[in-house]
Amino acid sequence: MEMKQKALIKQGWLRALIYFAAISTIVYVFSNFGSNIISQFEAGTEKGDENVLQFGILYSLMGLLIFLYTWLSRKFIDRKTFSSLGFSWKGYSNEAGLGFFSALALLGVGSVILIVTGYLSFISVNFDAGGLLIGIVIMLVVAFVEELLFRGYLLNNLMQSVNKWGALSITAALFSLFHGSNPDISLFAVINIFLAGILLGINYIFTKNLWFGIFFHFAWNYFQGPVLGYEVSGLKLTSLLQQSISGPEALTGGPFGFEGSLLCPLLFIVAVLTFSFFFTKRYGQTFN
């Protein structure tokens, strides 16, 4: 029988701190050397598709380094398997579906409210198969990398040192900080992204499985931007639906997109409370 290895560093919070410092360095280097590409990330111009592709390549390279460092940390510092971060599919496919369709439902409800109030309308359809495919790839990479980083490694290790709610709050705050340099960021948007971090991690504290978060994250970003035409955390992509949006930015989100809207935290809070109750009933666990 194989003996279970002890972690090289005993304290989960210290492993998380070292990991986050290393990841922050990777992100800083890519942000510094890729700043020109990021600042030009704007669809709707003649070079829009090229800039989106450049952003995708840059983010993918950064994501690859984050993936490799996470794998090395899990193997040599945590001394556990990479898959134990939460990649078991068996028994969790329903969680993936729940995450995917929950994101669609929240976006749908928010968009319907904006349409009914007269602040949002869709004026045309622009079917660009190549652009939509690029959007799928980029958003898959973003969802995988960010869920691996914040929920898979950081939340996993922090839960070994602090209670689940505290660990979830810390990782949500770091998730919000990670997006702090996005275009048109505001204090209100920072709060919304914090709540998004809570929502994305709510399933993980019950299951230690990433598929709910990955599928929710992907569906939220992809249908928000490349399909419905909102900015995604301040970033503009080529979209299937061309929208016209007007009215108070506090309600519409303005240039930051739906994540800057007053509707967003209300929907997120309702979702967090609903999922907390649902997962407690399903798994027989509570926050501790």
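**Figure 1. Alanine 129 in helix 5 of the predicted model.** This close-up of a predicted model starts with alanine 129, a residue of helix 5. Is alanine 129 buried or exposed, or does it fall in between? With a relative accessible area of 46%, alanine 129 is partly exposed; the value lies between the 20% and 50% limits that bound this class. Leucine 240 makes a good partner to look for in this view: 111 residues separate it from alanine 129 along the chain, yet their C-alpha atoms are 9.1 Å apart.

**Figure 2. The largest nonpolar core and the part helix 5 plays in it.** Here we turn to the interior. The largest nonpolar core contains 80 residues. Which residues have the most contacts inside this core? They are Leu199, Ile202, Trp220 and Phe258. Helix 5, residues 129-158, contributes the largest share of the core, with 13 residues. As a general background, nonpolar side chains in soluble globular proteins tend to be buried together.

**Figure 3. Isoleucine 214 in helix 9 and its contacts.** Isoleucine 214 belongs to helix 9, which covers residues 211-227. Its relative accessible area is 7%, so isoleucine 214 counts as buried, the limit being under 20%. What does isoleucine 214 touch, once residues up to four places away in sequence are set aside? The contacts are Phe87, Ala143, Phe144 and Glu147. Valine 141 can also be located in this view: it is 73 residues from isoleucine 214 in sequence, with a C-alpha to C-alpha separation of 9.8 Å.

**Figure 4. Lysine 208 in the loop between helix 8 and helix 9.** Just two elements frame this view: helix 8 (204-207) and helix 9 (211-227), with lysine 208 in the loop between them. The backbone deserves a look here, as lysine 208 has a positive phi of about 50° although it is not a glycine. Lysine 208 is partly exposed, at a relative accessible area of 43%.

**Figure 5. Arginine 79 in the loop between helix 3 and helix 4.** Where does arginine 79 sit? Its place is in the loop that links helix 3 to helix 4 (93-116). Arginine 79 is not a glycine, but its phi is positive, at about 60°. The relative accessibility of arginine 79 is 34%, which means it counts as partly exposed.

**Figure 6. Glutamine 54 and leucine 72.** Glutamine 54 is found in helix 3, which runs over residues 48-78. How far apart in space are glutamine 54 and leucine 72? Their C-alpha atoms are 27 Å apart, for a sequence separation of 18 residues. Glutamine 54 is partly exposed, with 27% relative accessibility.

**Figure 7. The whole chain, as a setting for the close-ups.** To place the views above, the chain has eleven helices and two strands. From the N terminus the order is α-α-α-α-β-α-α-α-α-α-β-α-α. The C-alpha trace spans about 65 × 45 × 35 Å along its principal axes. A compact globule of 288 residues would have a radius of gyration near 19 Å, and the chain agrees, with 19 Å. Of these 288 residues, 49% count as buried. Among contacts with a separation of 6 or more, 77% come from residues 24 or more positions apart. The chain exposes about 13900 Å², and carbon and sulfur atoms supply 68% of that area. Its 16 positive and 14 negative charges have mean positions 24 Å apart.

Methods
Residues are numbered from 1 along each chain as its sequence is written. This is a predicted model: local features need pLDDT of at least 70, side-chain atom pairs count only at pLDDT 80 or more; totals for chains, interfaces and linings use all residues. Side-chain values use heavy atoms; hydrogens and water are left out. Helices (H or I, at least four residues) and strands (E, at least two) are DSSP runs, numbered from the N terminus. The radius of gyration is taken over C-alpha atoms; the globule rule is 2.2 Å times the number of residues to the power 0.38. Buried means under 20% relative accessible area, exposed over 50%, partly exposed in between (1.4 Å probe, protein chains only). Contact means heavy atoms within 4.5 Å. Accessible areas come from the Shrake-Rupley method with a 1.4 Å probe; for residues, only the protein chains shown count as cover. Lys and Arg count as positive and Asp and Glu as negative; His and the chain ends are not counted. The place of a charge is taken as NZ of Lys, CZ of Arg, CG of Asp or CD of Glu. A nonpolar core is a set of buried Ala, Val, Leu, Ile, Met, Phe, Trp, Tyr and Cys residues joined through side-chain atoms within 4.5 Å.
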